[in-house]
Amino acid sequence: MADTSDTRTPAQIEADIRRRREVLAETLDEIGVRVHPRTIVGDAKARAVSHVDHTLGRAYVQVNRVVSDVKAQLVDEQGAPRLERVVPVALVVVGIVGLLALGTRRRKG
């Protein structure tokens, strides 16, 4: 059988009840802050910003890698342009721009 006798004085019991009420009040205040709409919206915004920053960071790394790869194809080790590769690329770019300009001019006319 369990011992149910309490050896505390009434003053100790009252002090214990007072401490427990204070802890309970703090806990309820904390829960109130956590479930407040502003807190929920703020947390959602922070998660969204973090996700966007992470995604943009990964995209930046990918673009930087592609640019470096393209640059390595068009420039030699000393930094001089490789004309045998630059000239064809430049001609293709000029051709595409010319075709786009003709297409735009035909639609307007």
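Tutor: Let's start with a term: a salt bridge is a side-chain nitrogen of Lys or Arg within 4 Å of a carboxyl oxygen of Asp or Glu. Keep in mind that this is a predicted model.

Student: Okay, what makes D6 and R8 a salt bridge?

Tutor: Their closest N and O atoms are 2.9 Å apart. The cut-off is within 4 Å, so the pair counts. Side chains of opposite charge can pair when their charged atoms come close.

Student: And how do you know whether D6 is buried or exposed?

Tutor: D6 has 43% relative accessibility. Buried needs under 20% and exposed needs over 50%, so a value in between is called partly exposed. That's the label for D6, and R8 gets it too, with a relative accessible area of 36%.

Student: Which residue forms a salt bridge with R19?

Tutor: That's D16, and the closest N and O atoms of the pair are 3.6 Å apart. The limit is 4 Å, so this one counts as well. D16 and R19 both sit in helix 1, three residues apart, which is about one turn of the helix.

Student: What makes R20 and D16 a salt bridge?

Tutor: The same check on distance: N to O is 3.2 Å for their side chains, and the rule asks for within 4 Å. R20 and D16 also share helix 1, four residues apart, again about one turn.

Student: Why is D16 called buried?

Tutor: D16 has a relative accessible area of 16%, and buried means under 20%, so the label follows. Its partners get other labels: R19 is partly exposed at 48%, while R20, at 59%, is exposed.

Student: How many salt bridges does the structure hold?

Tutor: Six. Among the residues involved, D6, R8, D16, R19 and R20 are linked in a network.

Student: What do L24, L28, I31, V35 and I40 form?

Tutor: A nonpolar patch on the surface, with about 480 Å² of accessible area together. Helix 1, residues 10-34, gives the most to this patch, with three residues.

Student: Why is L28 called exposed?

Tutor: L28 has 51% relative accessibility. Exposed means over 50%, so L28 passes. You'll find L28 in helix 1.

Student: Zooming out, what does the secondary structure of the chain come to?

Tutor: Three helices and zero strands, which reads α-α-α along the sequence.

Student: How do you know whether the chain is spread out or a compact globule?

Tutor: Set two numbers side by side. The radius of gyration is 35 Å, and the globule rule gives 13 Å for 109 residues. The chain's value is well over the rule's, so the chain is more spread out than a compact globule. Along its principal axes, the C-alpha trace spans about 95 × 45 × 30 Å.

Student: What share of the residues of the chain count as buried?

Tutor: Just 2% of the 109 residues. As for the accessible surface, it comes to about 10100 Å² for the chain, and 63% of that belongs to carbon and sulfur atoms.

Student: Last one: where do the charges sit on average?

Tutor: The chain has 18 positive and 14 negative charges, and their mean positions are 16 Å apart.

Definitions and conventions. Residues numbered from 1 in each chain as written. Predicted model: local features only at pLDDT ≥ 70, side-chain atom pairs only at ≥ 80, totals over all residues. Heavy atoms only, no water. Patch = residues over 30% accessible without salt bridge, like charges linked within 9 Å, V, L, I, M, F, W, Y side chains within 5 Å. Areas by Shrake-Rupley, 256 points an atom, 1.4 Å probe, with all protein chains shown as cover. Helix = DSSP H or I, 4+ residues; strand = E, 2+ residues; numbered from the N terminus. Buried < 20%, exposed > 50% of the residue type's maximum accessible area, 1.4 Å probe, protein only. Rg over C-alpha atoms; globule rule 2.2 N^0.38 Å. Lys, Arg positive; Asp, Glu negative; His and termini not counted. Charge placed at Lys NZ, Arg CZ, Asp CG, Glu CD.
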